[in-house]
Amino acid sequence: MKRYWKHDVSEAWLQARRDVLTATEISKLVPELKRAAKKPGEISPGFAAIWAEKHTDAALDTSSIGPAARGHIMEPWVVDAYNEQVMAGERFNHWDDCIIMNDLVGFSPDAMDVLQMTDAPKLKVTSSGEFMQGGGKGFHAPKRIMEIKCYEPANHMKACITPKMEHKELMQIAVAFHVLPKLQEAKLCFCCPGAPIPMFIEEYTRDDLKEQLELIKQVVKKYVETAIQCNELSRGYKVNFTEDDVYEDYVQNLIEEEGHGAIYDFK
């Protein structure tokens, strides 16, 4: 049977992600560091591109389909399956649509050893690293987290046989350690129900990821420099319309002139 997977995320969470650098973005920017080092003083195109994306008022796509949606939908099931097999003190709580941020870096946890007791789209880590605050509430910061990946069988098996320190997801784990200075352990859990090895877990400490943590610091420093350079490019010109204004007018013209309203759903 062919399955159709679709998942909608919180728009407020997507908006909150614009306030920080995520692991995906940091991974993209690591190669840019070497290129930028060869041209000191110049604006890095890669860093400038990320900066522009984060500071542009554009529509956010809240839907995912296919493998991405499948993985997201399975996450709470994976947490429950893991919890059924471990001692009480080792259990995790599923988290969704919330970004944990520390200054310019943030990550969205899949599971942590503390409960998600707020629907706030973002929580800020205090300077001490002991607490997270947001939505008018405060929480103890976690000591343990779990990153969950629910790949389809072929990629799941490839992940299972990949050496511990060669997983492509290492930067995601490192970003969590950067954001949470009191974090002690992170698990990377691969799960594919029905596969011959349905669940496979790697464990990491802060010491395991010293190289990645140093790269994160370098990326943040370069991003701050780039933001200053980009802001200085402005010459004061403005426009009196938004992209939504243009799109709504464009759609209305299509409906009136060509009758596409019956064919396409523009809403």
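Both tyrosine 151 and phenylalanine 190 are buried, where buried means under 20% relative accessible area, exposed over 50% and partly exposed in between, with a 1.4 Å probe and protein chains only. The model is predicted, so that local features need pLDDT of at least 70 and side-chain atom pairs count only at pLDDT 80 or more, while totals for chains, interfaces and linings use all residues. Residues are numbered from 1 along each chain as its sequence is written, and side-chain values use heavy atoms, with hydrogens and water left out.

**Exercise 1. Find how many aromatic pairs the whole structure holds, and describe the one formed by tyrosine 82 and phenylalanine 92.**

Step 1: A search of the whole structure gives 3 aromatic pairs, a pair being rings of Phe, Tyr and Trp (its six-membered ring) with centres within 6.5 Å, called stacked if the planes are under 30 degrees apart, edge-to-face if over 60 and tilted for the rest.

Step 2: The ring centres of tyrosine 82 and phenylalanine 92 lie 5.7 Å apart and their planes stand at 50°, so this pair is tilted.

Step 3: Tyrosine 82 belongs to helix H4 (residues 67-83), whereas phenylalanine 92, 10 residues apart from it, lies in the loop between H4 and strand E3 (93-94); helices (H or I, at least four residues) and strands (E, at least two) are DSSP runs, numbered from the N terminus.

Step 4: Tyrosine 82 has a relative accessible area of 6% and is therefore buried, and phenylalanine 92, at 2%, counts as buried too.

**Exercise 2. Describe the geometry of the pair formed by tyrosine 151 and phenylalanine 190, and place both residues along the chain.**

Step 1: The pair is tilted, with 6.2 Å from centre to centre and 35° between the planes.

Step 2: Tyrosine 151 sits in the loop between strand E10 (144-149) and helix H5 (153-161), and phenylalanine 190 is in strand E11, 39 residues apart, so that the pair links distant parts of the chain.

**Exercise 3. Locate leucine 180, decide whether this residue is buried or exposed, and list its contacts.**

Step 1: Leucine 180 is found in the loop between helix H6 (170-179) and strand E11 (185-191).

Step 2: Because its relative accessible area is 1%, leucine 180 is buried.

Step 3: Leaving aside residues up to four places away in sequence, leucine 180 touches Ile100, Phe107, Val125, Met132, Ala141, Pro142, Ile145 and Arg206, contact meaning heavy atoms within 4.5 Å.
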